[in-house]
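Got the viewer open? Let's walk through this one stop by stop, with something to select at each.

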Protein chains: 2
Amino acid sequence: MRAEIITIGDEILIGQIVDTNSAWMARQLNNIGVKIKQISSVSDDREHILKALAEAASRADVILITGGLGPTKDDITKITLAEYFGVGMVENAETLANVTRIFEKSNRPLLDINKAQALVPANCEVIINNNGTAPGMWFESEGKIYVSMPGVPFEMMYMIDEAVIPKLKKRFDLPVIYHKTLLTAGEGESFLAKRIADIEDRLPAHVKLAYLPKLGQVRLRLSGYGANENVEAEVEAFAAEIAERVDNILVATEDITLEKAILNRMEAMAATLSVAESCTGGYVSHLLTQHAGSSRVFAGGGVVYSNELKQQVLGVESSTIDNFGAVSEETVTEMLNGALKNFHTDFAIAITGIAGPDGGTAEKPVGTVWIAVGSEKSKVVKKFTFGSKRLQNIERSSAAAFSMLNTLLKEVKN
Amino acid sequence: MRAEIITIGDEILIGQIVDTNSAWMARQLNNIGVKIKQISSVSDDREHILKALAEAASRADVILITGGLGPTKDDITKITLAEYFGVGMVENAETLANVTRIFEKSNRPLLDINKAQALVPANCEVIINNNGTAPGMWFESEGKIYVSMPGVPFEMMYMIDEAVIPKLKKRFDLPVIYHKTLLTAGEGESFLAKRIADIEDRLPAHVKLAYLPKLGQVRLRLSGYGANENVEAEVEAFAAEIAERVDNILVATEDITLEKAILNRMEAMAATLSVAESCTGGYVSHLLTQHAGSSRVFAGGGVVYSNELKQQVLGVESSTIDNFGAVSEETVTEMLNGALKNFHTDFAIAITGIAGPDGGTAEKPVGTVWIAVGSEKSKVVKKFTFGSKRLQNIERSSAAAFSMLNTLLKEVKN
């Protein structure tokens, strides 16, 4: 069974927003064995929407649509769906009650354009929106299923979780897609490929291997397709063989991020972590704290953007900054020591650098970053020279720090 | 002139990565007046890629393709393009030299699969990759232009900036698309729409207004289409009229984020800012520091995830946490005072809450967040009750804090 995703909205096509909904929906559908054939982003334009619907229906059994359901004039998804199915609009009592309830709760008057949110194509089954006013809509027509949902992520997510997934499971006898991901750090894609070439050559046609490189890490994703229950065991066996082969650079045998793997490893060691972030400006902390349960390992730390805060929060000596500069081996070492001492954690990460685009010199160009990780007993300090783009420097510095800490933790354990 | 974007890669269709490339490319093309008709994500599958190329060429003049150019077996974009154009593969000397140089620089041996990166379809013009080994490729065929680029964001970005945009400008007599965005915070989409309905009704057909709501903010985007040079003045006049009408909730008259508007406002006031983040775990700091020049306003702060760090870094009294809890009006107030005192800034933001999914109680459910913003002279403290999803709670807490600070700064100034 195949599905397609259509996201509707000029804001995607002019790049004002990044479409994060599609990746999320794709993951949920993959989990229940539904393969996404294509994701298409189209404009708030009647003809374009009609054509995209017809094209998707020619390739897929289920078409998931997001966006264009707001109360304002540029939102035309609903009326266009009615035209596509050749039906009129009717008022849905349940939706009107939901909209009324939401407005009453916040003591706002119900405007006519809000009431119009209760109008839906006559052939749809409404999916109630527990987080907003725009209803979701489930259509069945000529053997195909169409689901229209709001573009607001958490409204859509609720509908997928609570209504769409359960209904699809009931409706279809779903095949099995089994994914297994190995996360590696510290070796390039082509070297990895060479090391496991003989294993890859032995993969049967229904098992695919993909290399997903990102920021010094490579994810190896094995995907087994088929209704056969052995697929899972088969994929796991190949994954185990690859994991053994690349053990020295293996971070995790599940599809998690590098920092989550570190949190897991440190939790198992009952170790704690703090940070001293200058040029990464809170990004390392954010990556850690986005994971539920991170507080069991991560105590917090300092975003010491100014030199004053490096001294105030971490006890870096002003003479160190004066003599060697804020971006130096000496300063990053004092930052690490300050974090370990002041935040009372077993391990710490310290980062100072020039994220850019300004602030570089001939000696220390934009992209120069010093990173220190370690404990009282064992410390590693490294200098990196990244590129000229600020956000990339922040991302790469964070990834490099986690990679260094991961290697250190592996060594500590062995 | 119309363009389409095709992103190739199973990793997008199973949701393992979010396609951020398309939004970025769309913005760059919009800036030079090229309208994106559709964005399509397709799998690493020969037939599917061939079909997507043909469909895109039937609708657009320029087709930008990313992904599937890695050295490994799952990457088939290059060979599929050769098949699409009915040409063979040839070795490109310049690319081979680039690949060789990159491997020499890092002292790695050049493998056969790396050398194979220099093979390109015979009809292409190579775009050298200054950040990696996979070449970009520019094709012209039957009046259409096709550009194939790597999926690694900064490799693609370099090619767009340095080669694709200049070549497109030379090739086409581009029309004018003029966008103007107004950022508002603190009023819902439908209320805004009602307040400016009469202005919206007067917009000519070639000027469109879109409402882009997100996290308590609404962006109003006016887009004027046409080769006419008056379009810019026309759009600006409508924007000025709307800005005057919604002045009380207006944050910025340009397409920037809420936190960037705050940084601009504070820089103009010569004021400084620090943070004390508990449940947002560094996200507020990250949002601020992703902007170049943020150090002129933002000094840094504490990510005080543990109670110990709240005391250690901010001087919150242990009795306050014991008596009222870490998530309370009393604690957030002491966090704000501690940040102002210890970090020596004019203004500060303090946030403490229960991001979830665990840690909630009947009295303080997951999603309970206390936020305090202010200066020595003027403080505002508010309690919010968000939802059950961790990342959303982090995002909404950060947005709410910035919205509170923006309102406070507007009042201070008036």
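Which residue is the bridge partner of Thr184(B) in β12(B)? Select Thr184(B) and look across: the partner is Leu250(B). Keep in mind throughout that this is a predicted model.

**Stop 1: the four-stranded sheet of chain B**

Now widen the selection around that pair. Strand β9 of chain B, residues 177-185, runs antiparallel to β12(B), and two bridges link them. Both strands belong to an open sheet of four, and in chain B the order reads β10-β11-β9-β12, with antiparallel pairing. To find the edges, pick β10 (207-214) and β12 (250-252) of chain B; each of these pairs on one side only. Going from one strand to the next, the twist averages 30 degrees.

Next, bring up residues 258-269 of chain B, which make up helix α11. This helix lies across β9, β11 (217-225) and β12 of chain B, and its direction is at about 80 degrees to β12(B).

While you're thinking about α11, hop over to chain A and select Ala270(A), in the loop between α11 (258-269) and β13 (273-277) of that chain. What is the sign of phi at Ala270(A), positive or negative? Phi is positive there, about 55 degrees, although Ala270(A) is not a glycine. For context, most residues other than glycine have a negative phi.

**Stop 2: the sheet shared by both chains**

Show both chains and colour by chain. Which strands make up the open sheet of 12? Trace β6(A)-β7(A)-β8(A)-β3(A)-β1(A)-β2(A), then carry on into chain B with β2(B)-β1(B)-β3(B)-β8(B)-β7(B)-β6(B); the pairing is mixed. At the edges stand β6 (125-127) of chain A and β6 (125-127) of chain B, each with a single partner strand, so one side of each has no neighbour in the sheet. The twist here averages 20 degrees from one strand to the next.

Zoom in on chain A, residues 2-8 and 35-42: these are strands β1 and β2, paired in the parallel sense over seven bridges. For one of the matched pairs, click Arg2(A), whose bridge partner in β2(A) is Lys35(A).

Then add two helices of chain B. Helix α3 (residues 46-59) lies across β1 (2-8), β2 (35-42), β3 (62-66) and β8 (144-149) of chain B, and also across β2 of chain A. The angle between α3 and β1(B) is about 170 degrees. Helix α7 (residues 153-171) of chain B lies across β3, β6, β7 (136-141) and β8 of chain B, at about 170 degrees to β8(B).

**Stop 3: where the chains meet**

Select the contact residues on both sides: 95 from chain B and 95 from chain A. About 7500 Å² is buried between the two chains, with carbon and sulfur atoms giving 56% of that area. How many salt bridges are counted between chain B and chain A? There are six. Try Arg59(B) with Glu55(A), a salt bridge whose closest N and O atoms are 3.3 Å apart. On the side of chain B that touches chain A, the residues divide into 36 nonpolar, 33 polar and 26 charged. The interface also has 36 residue pairs in polar contact.

Strands cross over between the chains as well. Pick residues 298-304 in both: strand β14 of chain A and strand β14 of chain B run antiparallel, joined by five bridges. Within that pairing, Gly301(A) stands opposite Val303(B).

**Stop 4: last clicks**

Over all chains, 31 salt bridges turn up. One to show as sticks is Arg171(A) with Glu140(A), at 2.5 Å from N to O. Arg171(A) sits in helix α7 (residues 153-171) of chain A and Glu140(A) in strand β7 (residues 136-141) of chain A, so the pair ties together parts that are 31 residues apart in sequence.

Finish at Pro357(A), in the loop between β15 (347-353) and β16 (368-374) of chain A. The peptide bond leading from Gly356(A) to Pro357(A) is cis, with omega near 0 degrees. In chain B, check the bond from Gly356(B) to Pro357(B), where omega is near 0 degrees and the bond is cis.

Key:
Residues are numbered from 1 along each chain as its sequence is written. Chains are lettered from A and ligands numbered from 1 in the order in which they are written. This is a predicted model: local features need pLDDT of at least 70, side-chain atom pairs count only at pLDDT 80 or more; totals for chains, interfaces and linings use all residues. Side-chain values use heavy atoms; hydrogens and water are left out. Two strands pair if DSSP finds at least two bridges between them. Axes are lines fitted to C-alpha atoms, for helices over the stretch in contact, and angles run from 0 to 180 degrees between N-to-C directions. Contact means heavy atoms within 4.5 Å. Buried area is the accessible area (1.4 Å probe) that two parts lose on being put together, summed over both. A salt bridge is a side-chain nitrogen of Lys or Arg within 4 Å of a carboxyl oxygen of Asp or Glu. A polar contact is a pair of N or O atoms within 3.5 Å; within protein, one must be able to donate a hydrogen and the other to accept it, and residues adjacent in sequence count only if both atoms are side-chain atoms. Ala, Val, Leu, Ile, Met, Phe, Trp, Tyr, Cys and Pro count as nonpolar, Asp, Glu, Lys and Arg as charged, and the others, Gly among them, as polar.
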